[in-house]
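Here is a walk through one protein model, helix by helix and ring by ring. Have the viewer open and click along as you read.

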Amino acid sequence: MQQQWQRYLAELLGTFVLVFAGTTAIVGAIRSGIPPLLLVPFAFGLALLAGLYAFAEVSGGHFNPAVSLGLFLDRRIDVADLIGYWIAQFAGAILASLVLLLATNKASVAATTTRPSSDGTAFVMELVMTAIFVTVILQSSKSDRYGGSALIAIPLTLLAIHFAIIPFSGSSVNPARTFGPALVGNVWTGIWIYFTAPPLGAIIAWFVHRALSGSAETPERDELTPQAEPGAA
C-alpha cells in the first residue's frame, strides 16, 4: 500500500498535468488562431489519460475534488484522504497556473479561466456534466466487465464533455481546474458556479450509482481500481 504522502503527491502531480496541459493548449490555440473547440478538448482528455497512466496506481487518479467527493460518498476513501486529496488537487492546479504564468504572462493565464455564458446555463451544464462524469467513474472503476477499459472511458468522457459545454461554461467540471487559473489570473467571473455545481453533480452521481448498483454496500478501499482503480478529472 502506498504511503499517505505518496498518494497526495500523486494527486498534486496528476492535477498539475491535467491543468497545465489543458490551459497551455488554450493559450496555444489563441496564439495560433485555432478555434479552441478544435484543440482544447483533446488537450484535456489526453492530459487526463497521461495523468492516469502516470499516477493512478499510486493515488487512484482523481485529480478533481468532485471526483474525490463521489468516491468518498461511495466509501472508497475516508475523510482524512478526502481532505488531503482536495488540498493536493488545488495545490497542483495553482502550481500549473504559476508555471504557465512564468512561461507566458498574467493575461495569458487569465484567458484560461472558465467563464459562464450566463450563470443559469453554466450552472446547469456544470451540474449535469459533472454528474455524468462521476457516474462513469464510479461504475467503470469498479466494474468487472468494464474495469479494464476505465483508463480509456474516463478521458473520453472528459473529452466529450469539453466538446459539449466549452461554449456555455468553459467546461470545468472540476473546482481545482477553475480555481488555479482564477487565482493566478485574478479572474473570478461566476466562480460560485464552479464551486457549487460540480460537487452537487458528484452527489447526484453517487445517488444514481447507488440506486442502480447498490454500491453503498461496497467495502471501504483506499485504492480505486480493480487493482488500483482510476478516478479522474
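What follows starts with two of the helices, moves to the nonpolar cores and the aromatic rings, and ends with a couple of single residues. Keep in mind that this is a predicted model.

Start with H1, which covers residues 4-32. Is this helix as long as its residue count says it should be? What span should its 29 residues have? At 1.5 Å a residue they should cover 42 Å, and the end C-alpha atoms do sit 42 Å apart, so the expected and actual spans agree. Right after H1 comes Gly33, with a positive phi near 75 degrees.

Next is H2, residues 36-59. Follow its axis and you'll find a bend of about 45 degrees at Tyr53. Plenty of H2 is tucked away: its buried residues include Val40, Pro41, Phe44, Leu48, Leu52 and Phe55. What covers them? The cover over the buried residues of H2 includes H1, H4, H6, H7 and H8. Just past the end of H2, Gly60 also has a positive phi, this one about 100 degrees.

That brings us to the inside of the protein. In soluble globular proteins, nonpolar side chains tend to be buried together. Here, the largest nonpolar core holds 30 residues, and Leu18, Leu48, Phe133 and Leu158 have the most contacts inside it. Helices H1, H2, H3, H6, H7 and H9 each put in at least two residues. H2 gives the largest share, with 7 residues. Apart from this core there is another one, made of 6 residues, including Phe16, Val19, Ala96 and Ala176.

Now for the rings. How many aromatic pairs does a search of the whole structure find? It turns up 9 of them. Take Tyr8 and Tyr85: they meet edge-to-face, with 5.8 Å from centre to centre and 90 degrees between the planes. Tyr8 is in H1 and Tyr85 is in H4 (residues 79-103), so this pair ties together parts that lie 77 residues apart in sequence. Both partners are out of sight: Tyr8 is buried at 19% relative accessible area, and Tyr85 is buried at 0%.

Phe16 and Phe20 make another kind of pair. Their ring centres are 5.4 Å apart and their planes differ by 10 degrees, so they count as stacked. Both residues belong to H1 and sit 4 residues apart, about one turn of the helix. Phe20 is partly exposed, at 26% relative accessibility. Elsewhere, ring pairs join Phe90, Phe179, Trp188 and Phe195 into a cluster.

Finally, zoom in on Ser172, in the loop between H7 and H8 (175-185). Buried or exposed, what is Ser172? With 3% relative accessibility it counts as buried, because the cut-off for buried is under 20%. Its side chain reaches the backbone oxygen of Asn174 at 2.8 Å. Leaving aside residues up to four places away in sequence, Ser172 touches Thr114, Glu126, Arg177, Thr178 and Tyr194.

For contrast, look at Val124 in H6. Val124 is partly exposed, with a relative accessible area of 46%. Its C-alpha atom is 31 Å from that of Ala10, a residue 114 places away along the chain.

Key: Residues are numbered from 1 along each chain as its sequence is written. This is a predicted model: local features need pLDDT of at least 70, side-chain atom pairs count only at pLDDT 80 or more; totals for chains, interfaces and linings use all residues. Side-chain values use heavy atoms; hydrogens and water are left out. A nonpolar core is a set of buried Ala, Val, Leu, Ile, Met, Phe, Trp, Tyr and Cys residues joined through side-chain atoms within 4.5 Å. Buried means under 20% relative accessible area, exposed over 50%, partly exposed in between (1.4 Å probe, protein chains only). A polar contact is a pair of N or O atoms within 3.5 Å; within protein, one must be able to donate a hydrogen and the other to accept it, and residues adjacent in sequence count only if both atoms are side-chain atoms. Contact means heavy atoms within 4.5 Å. Rings of Phe, Tyr and Trp (its six-membered ring) pair if their centres lie within 6.5 Å; planes under 30 degrees apart count as stacked, over 60 as edge-to-face and the rest as tilted. The expected span of a helix is 1.5 Å times one less than its number of residues. The bend at a residue is the angle between axes fitted to the seven residues ending there and the seven starting there.
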